[in-house]
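Please open the model in your viewer and keep the sequence panel beside it. The stops below can be selected one after another.

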Amino acid sequence: MAESFSFFQKVNRDFDKAAQFTEYPRGLLAQIKICNSSCHFTFPIKRDDGTIQTIHGWRAEHSHHKLPTKGGIRYSTLVNEDEIIALAALMTYKCALVDVPFGGAKGGIQLDRREYSDSELERITRRYTYELIQKNYIGPGVDVPAPDFGTGETEMAWILDTYFAMAPDKLNAIACVTGKPIEQNGIHGRKGATGRGVVFGLEEACSLAEDMKPLGLSPGLEGKSVVVQGFGNVGYHTAKYLMEADARVIGIIERNGGIYNPRGLDIEKVVMHREETGMIRGYPGAELIENPNDGLELECDILVPAALENQLTAENAPRIKASIIAEAANGPTTPDADEILQKRGILIIPDTFLNAGGVTVSYFEWLRNLSHVQFGRLGKRFEDQSQHAMRRAVEKATGYQFSEDERELTHGADEEDLVNSGLQDTMITAYQEIRETRMQYRNDKNDVDYRTAAFINAIHRIAQSYMQLGIFP
């Protein structure tokens, strides 16, 4: 397949590759694959200098087999209709894969946020939200946005405020968007959820000795060298949690260059340096990588593309020296690159699975907003008292006195504990299901990879939903 194929065509190519292993009717497969609805709208905004500029925005709802639809909103100069539809499709398959009951959606505005003031970004975000409301592309039971590339908690708070002002159902309006600040009914653990999910997925993949042996790697993350491309929200949290898991983050790559230290980088110190200087370049004790593309070709155990799509191509795939590619970004590997890397025996953990942590915890936030109860609130005190009684019983029976550190380990679960536990269980279960499907369909004729196995599982779940609705026999 030529590299010139569009992003959505690439996603559909992966879908078709997996669909051949299923026996569903062609009409059902066509319905799963097609984008159900998309909208491109333009609106004027007044810049701070008084000039008027036309802004282009999109929202796509790929599948309505489950409601609401769910997907982030990104701010990027690369945003266009094909990208938004492709990302919405990936959201459909991602939600199905981790068994989260949403259809897939995605939105975006075509801009470089660095060229706009905070007040301009607020006006743009609020007007974009108004357009979504007018066209029925947002609502707790309709379509629920979230942060994506170039957006974060602040933009989600603006969306919530705008929607709330116009919502007929004020009680559940807080569930119209996820990824909100904690003070605005967000959930603990959401900000770092995608990065934490990446690490949970990697931990499970690397825990299996029989899968690591062909790669020449020992089981576990401890000591493994990692290069992370992209140091935004996903890249930073992935690097941070990898370091906490005793992996060695040796390289970080951004659009204006990267840094490298084979002994490992201190992630928090890198963040402090960037806050002081505005960039990671010049970080003390690290070698400068002038060309960010060269950073992808560093020798390492794990390469984590955590930026934008189409970063690994047919041109650079032959020079990739990683044993594992962990796709934290959406669509970072082109079809030609994927084929080259698979033939070289490199393990690719696909984006449809690995970056599902964000939507999983968004699901928890959505449920929390609809229930109006903070996770852990009802049971934490009871668990604390039960643990305390058990400690006292053990101390009385044995004479052993627990230290303060040991007492800290036995306490009732708070919201973040529960969120992280649910996320970890989701990632482990999904990976094991993908692995089982891969083993089931592998034979002398077919070397089914993890990406194809992930799509097979997603297709099965979506097809079952349609059949349960009685739309297809």
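Begin by selecting Asn185, which in this predicted model is partly exposed, with a relative accessible area of 31%. Asn185 sits in the loop that runs between helix H5 (153-166) and helix H6 (193-206), and its backbone deserves a look, since the residue has a positive phi of about 70° although it is not a glycine.

Next, move to Asp99, another residue that is not a glycine and yet has a positive phi, here of about 60°. To find its surroundings, colour helix H3 (81-97) and strand E4 (103-110), because Asp99 belongs to the loop between them. Is Asp99 buried or exposed? With a relative accessible area of 53%, Asp99 is exposed, as the cut-off for that word is over 50%.

**A cis peptide bond**

Now select Leu67 and Pro68 together and display their backbone atoms: the peptide bond that leads from Leu67 to Pro68 is cis, with omega near 0°. Pro68 is found in the loop that connects strand E2 (52-61) with strand E3 (69-76), and, at a relative accessibility of 1%, Pro68 counts as buried.

Which residues are in contact with Pro68, once its neighbours within four places in sequence are left aside? If you show side chains around Pro68, you should find Pro101, Phe102 and Gly103, then Gly139, Pro140, Gly141, Val142, Asp143 and Val144, and also Trp366. For a sense of distance across the model, draw a line from the C-alpha atom of Pro68 to that of Glu222, a residue 154 positions away along the chain, and the separation should read 40 Å.

**Helix H2 and what covers it**

Select residues 26-33, which form helix H2, and pick out its buried residues, namely Leu28, Leu29 and Ile32. When the helix is viewed down its axis, these buried residues fall within an arc of 100°, so they line one face of H2. To see what covers them, add further helices to the selection: the cover includes helix H1 (7-19), H3 and helix H17 (450-468).

**Helix H11 and strand E12**

Continue to helix H11, residues 335-343, where Pro335, Asp336, Ala337, Asp338 and Leu341 are buried. These buried residues pack against H1, strand E11 (324-326), E12 and H17, so it helps to keep H1 and H17 on display from the previous stop, because they also belong to the cover of H2. Just after H11, select Gly345, which takes a positive phi of about 80°.

From there, go on to Leu347, which is part of strand E12 (residues 347-349) and counts as buried at 12% relative accessibility. Which residues does Leu347 touch when those up to four places away in sequence are not counted? The residues to highlight are Met212, Leu215, Ser323, Ile324, Ile325 and Tyr450. Tyr450 merits a separate look, since Leu347 and Tyr450 are 103 residues apart in sequence, while their C-alpha atoms are 8.4 Å apart in space.

**Val270 in helix H9**

The last residue to select is Val270, located in helix H9 (residues 267-277). Val270 has a relative accessibility of 0% and therefore counts as buried, the cut-off being under 20%. Apart from neighbours within four places in sequence, Val270 is in contact with Phe231, Ile252, Ile259, Leu265, Ile280 and Tyr283. Ile280, one of these contacts, is 10 residues away along the chain, and the C-alpha atoms of Val270 and Ile280 are separated by 6.5 Å.

**Stepping back to the whole chain**

Finally, zoom out and colour by secondary structure, which should bring up 17 helices and 12 strands in the chain. The radius of gyration is 23 Å, close to the 23 Å that the globule rule gives for 473 residues, so the chain is as compact as a globular protein of that length. Along the principal axes, the C-alpha atoms fill a box of roughly 70 × 60 × 55 Å.

Of the 473 residues, 55% count as buried, and among the contacts with a separation of 6 or more, 68% come from residues 24 or more positions apart. If you switch on a surface, the accessible area comes to about 20700 Å², with 50% of it belonging to carbon and sulfur atoms. Colouring by charge should reveal 51 positive and 67 negative side chains, and the centres of these two sets lie 2 Å apart.

How values were computed
Residues are numbered from 1 along each chain as its sequence is written. Side-chain values use heavy atoms; hydrogens and water are left out. Helices (H or I, at least four residues) and strands (E, at least two) are DSSP runs, numbered from the N terminus. The radius of gyration is taken over C-alpha atoms; the globule rule is 2.2 Å times the number of residues to the power 0.38. Buried means under 20% relative accessible area, exposed over 50%, partly exposed in between (1.4 Å probe, protein chains only). Contact means heavy atoms within 4.5 Å. Accessible areas come from the Shrake-Rupley method with a 1.4 Å probe; for residues, only the protein chains shown count as cover. Lys and Arg count as positive and Asp and Glu as negative; His and the chain ends are not counted. The place of a charge is taken as NZ of Lys, CZ of Arg, CG of Asp or CD of Glu. The arc is that of the directions from the helix axis to the C-beta atoms.
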